[in-house]
Structures are given as structure tokens and as C-alpha cells.
Amino acid sequence: FLPPRRILMGPGPSDINPLVLNALSRPTVGHLDPLFINMMDEVKSLLQYAFQTKNAFTIALSAPGSAGMEACFVNLVEPGDKVIVCRNGVFGDRMKQNVERIGAQAVVVDSPWGRAVETEKVADALAQHPDAKFLAFVHAETSTGALSDAEALCKLAQQFDCLTIVDAVTSLGGVELRVDDWGIDAIYSGSQKCLSCVSGLSPISFSEKAVQVINNRKTPIQSWFLDQSLVMNYWSGDGKRSYHHTAPVNSLYALHEALLQLHKEGLENSWARHKAQHKVLANGLAKLGIEFIVPEEERLPQLNTIKIPEGADDAKVRSYLLNHYNLEIGAGLGDFAGNAWRIGLMGYAARNENVALCLTALEDALSQ
């Protein structure tokens, strides 16, 4: 299989830095090799930097972001627990489904699609359900391009003695995210978004409070593979590590390199770059008469959801971009299916040449 060289400007995966692709081709060693274990420790440290946390329980799960989500829920939530779930898109709804599959009670706080989670509604739900143990929300909703106020939501949860479970799949590396300063208890992300790595890995982090909850469970964790009390014995400790599973060695090489590149650029510089490229894209789209769905103050710079212009054929335009420019943008999801496009400016894709190509290609496709 010899794929063409696409420019990936959809909702993920994103363009991969050539240095990261090169890391994939390095010689494979055993997943218990002492040198590999040393590299794993570096991955942990680099992830702590990316998450802005000192959490000892910070690792890369050997599975995609969806498994990171499930790992957070099945390790913390027990049958009968009450969880307040914020839903303003597809991925908030997936949180709800996780809660219900565990046998816990989901109290859903709905906000409109294309808008941030409404903190006032969350405050009301917390007041009405003082027995809720967790507050779960999506920081950067990939299905709509809306950015919620994670810091404010975490403060609300702390006022009501709730632990927070946060989806940072699209936010890690792309917008401000401070796990310790904001008091996030459990967080998961994905390797293929703003980290510009291969897909199939999920960075996760648990606070000391969350670890205590895991250690004091009354019921067994439903999933053996996602039981973090077992996985941690592979990622932690001096000397010999316990075998849990065969880690994706070369993919972890790639993640290590991607995190090194993020560290080299500087986290705040990366946040600023995504914002700057978003502004260039927004100005160009305005000249084409294309409107955003999400209000400016709630907009994700790395995931831009725009209205399909009247008279334009959704599938035909995206097909034209793919076939004539090797450029991929995303279709709308859920309520936005057929009515929106999603343009990703994530990680290595957030570059001048990508934005310029996207605007030129869109203008050409719409004229056709």
C-alpha cells in the first residue's frame, strides 16, 4: 500500500512532523528493554510538561483517545455513582454512554451545539445533585469546534466536592491547558491531534485524589486491559517493570519525538502559533464570504467549524479538494452533518503554507 502525500486539515489525524515519522523507522527493541524503559520515563516527564502537571500517574495508554476516555470512567466510576455530564456535541454524549454502561447515573447538562458548556447550568445541576461524585466535560469539542472554560468548570466542581473527568483530545498542545493550576482530576487526550503524532496512543493523567478513589473502590474495575492499577506497574518503579501488555514500541518512539518537538517549541509558543494561524484562516474565509458557526470568543483555533455556503455541495467540494489538491478537510458530525465543514489547524498542520493552500483550494472548489 503506497498512499499519496495528503495535507491533513480535518479533525484528525493531523499532518505529522517528518522528524516524528522518522522516529517510527528506528530499530525496534523489546518493550521491557532497559533502554526502552528509560525512554518511557522521558515520555512521562514530557507528558507532565504538556499537561502542566506533577501527577505521578501520567502515562501514554497503548490505545486511542476513545480508550483513554473509557479508562478514566471505568477506573473512577462505580455502579450507582452519580455523574454530571456536560453535553454540547458528539463527545459529551459518548461520556454519557460510558457512565450508563458502567451502571452509574448520568445527569446530563445540555448546551447548544456549537457553543461552550454553559457554566450556569452546571452550577445549577451541582446544587440540585449534591450527591454527585464526578463532573465530566469536553474541553475542546471536536464535533463542533467549541472551547469550554475548563478552569471555571473545575472550580465549580471543587466547590461541590466533585472530581473532574476532562476530555482534552483536541486541546492538548493547541490551547491553554493547566491540569494542576485548574485542579483537573482525570484527563485524557489523543496522540494524533495537536501533538501531530501517529494515532493509537492516549496520554492520560490522574491526580492524587483520583488515584485514591481507584485504590479504594468497592467493586472491581470492569476492564482488565484498562485497569490502571495494573498498567501503572509497567510504567512506574525503579529497575524491573511488571509485564502487562506488549507496548507499541515504535509508536512510543514517535510520541517521544513529538513531545520533544513540543518542548523545544515551548508550550505557550505552540498555543500562540495555533491562535495566529487561526486568525489568518479566519480572515481569508471572511473574504470568501464563509461564516463560522461558533462565536469568536468560544472558538477553537485548531478546529474551525464553518457553514457550507448556500448552493455548495458538501461531498463534491471535499472530493474536489482531495482529488485536485490532496487536501483533506472534515465533514460535519451529528447535528452539523451536511451543513458544516471542519478545518483542522492542529500541530504540524498549523503552518502558513497549509492555511494559504486551504484558502486557495476552497476558492477554486467553490468556483467550480
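A residue is termed buried under 20% relative accessible area, exposed over 50%, and partly exposed in between. The structure analysed here is a predicted model. By the accessibility criterion, lysine 307 counts as partly exposed, because its relative accessibility is 39%. This lysine lies in strand 11. Apart from its neighbours within four places in sequence, lysine 307 is in contact with Ile290, Glu291, Phe292, Ile293 and Asn339. A separation of 47 Å was computed between the C-alpha atoms of lysine 307 and asparagine 215, which stand 92 residues apart along the chain.

Histidine 256, by contrast, counts as buried, since its relative accessibility is 10%. Histidine 256 is part of helix 10. When neighbours within four places in sequence are set aside, its contacts are Met39, Glu42, Val43 and Leu46.

Helix 11 was examined in further detail. This helix comprises the 21 residues 267–287, and at 1.5 Å a residue it should span 30 Å; the end C-alpha atoms are 31 Å apart, which agrees with that expectation. Ten positions are listed as buried in the following order along the helix: Leu267, Ser270, Trp271, His274, Gln277, His278, Leu281, Ala282, Gly284 and Leu285. These residues lie on the same side of helix 11, because they cover an arc of only 165 degrees around the axis. The face turned away from this buried side carries the exposed residues Glu268, Lys275, Asn283, Ala286 and Lys287.

The packing partners of the buried residues of helix 11 include both helices and strands: helix 2 (34–51), helix 10 (249–265) and helix 13 (352–367), together with strand 11 (303–307) and strand 14 (340–344). Helix 10, which holds histidine 256, and strand 11, which holds lysine 307, are thus among the partners of helix 11. Glycine 289 follows helix 11 and has a positive phi, near 75 degrees.

Helix 13 was treated in the same manner. Its 16 residues reach 23 Å from the first C-alpha to the last, close to the 22 Å expected at 1.5 Å a residue. Asn354, Val355, Cys358, Leu359, Ala361, Leu362 and Ala365 are the buried residues of this helix. They pack against helix 11, helix 12 (314–325), strand 1, strand 12 (327–328) and strand 14. Strand 14 therefore appears among the packing partners of helix 13 as well as among those of helix 11, by the contact criterion of heavy atoms within 4.5 Å.

Pockets were considered next. Rolling a probe the size of a water molecule over the atoms shows where empty space is left. The largest pocket holds about 700 Å³ of space. Its lining consists of 27 residues, and those nearest the pocket centre are Leu147, Glu297, Glu298, Arg299 and Pro301. Two elements, helix 6 (150–159) and helix 11, each give two or more residues to this lining. Helix 11 supplies the largest share, six residues. By residue class, the lining of the largest pocket divides into ten nonpolar, six polar and eleven charged residues.

The second largest pocket contains about 340 Å³ of space. Its lining is formed by Pro4, Arg5, Arg6, Ile7, Leu8, Asp15, Ile16, Pro18, Leu21, Val198, Tyr348 and Arg351. Strand 1 (7–8) and helix 1 (18–24) are the elements that give two or more residues to this lining. Eight of the lining residues are nonpolar and four are charged, with no polar residue present. Strand 1 is also among the elements packed against the buried residues of helix 13.

Conventions
Residues numbered from 1 in each chain as written. Predicted model: local features only at pLDDT ≥ 70, side-chain atom pairs only at ≥ 80, totals over all residues. Heavy atoms only, no water. Helix = DSSP H or I, 4+ residues; strand = E, 2+ residues; numbered from the N terminus. Expected span 1.5 Å × (residues − 1). Buried < 20%, exposed > 50% of the residue type's maximum accessible area, 1.4 Å probe, protein only. Arc of directions from axis to C-beta. 1 Å grid on protein atoms, 1.4 Å probe; cavity = no way out; pocket = protein on both sides within 12 Å on 5 of 7 lines; lining within 4 Å. Points joined across faces, edges and corners; volume = space filled by probe spheres on them. Nonpolar A, V, L, I, M, F, W, Y, C, P; charged D, E, K, R; others polar.
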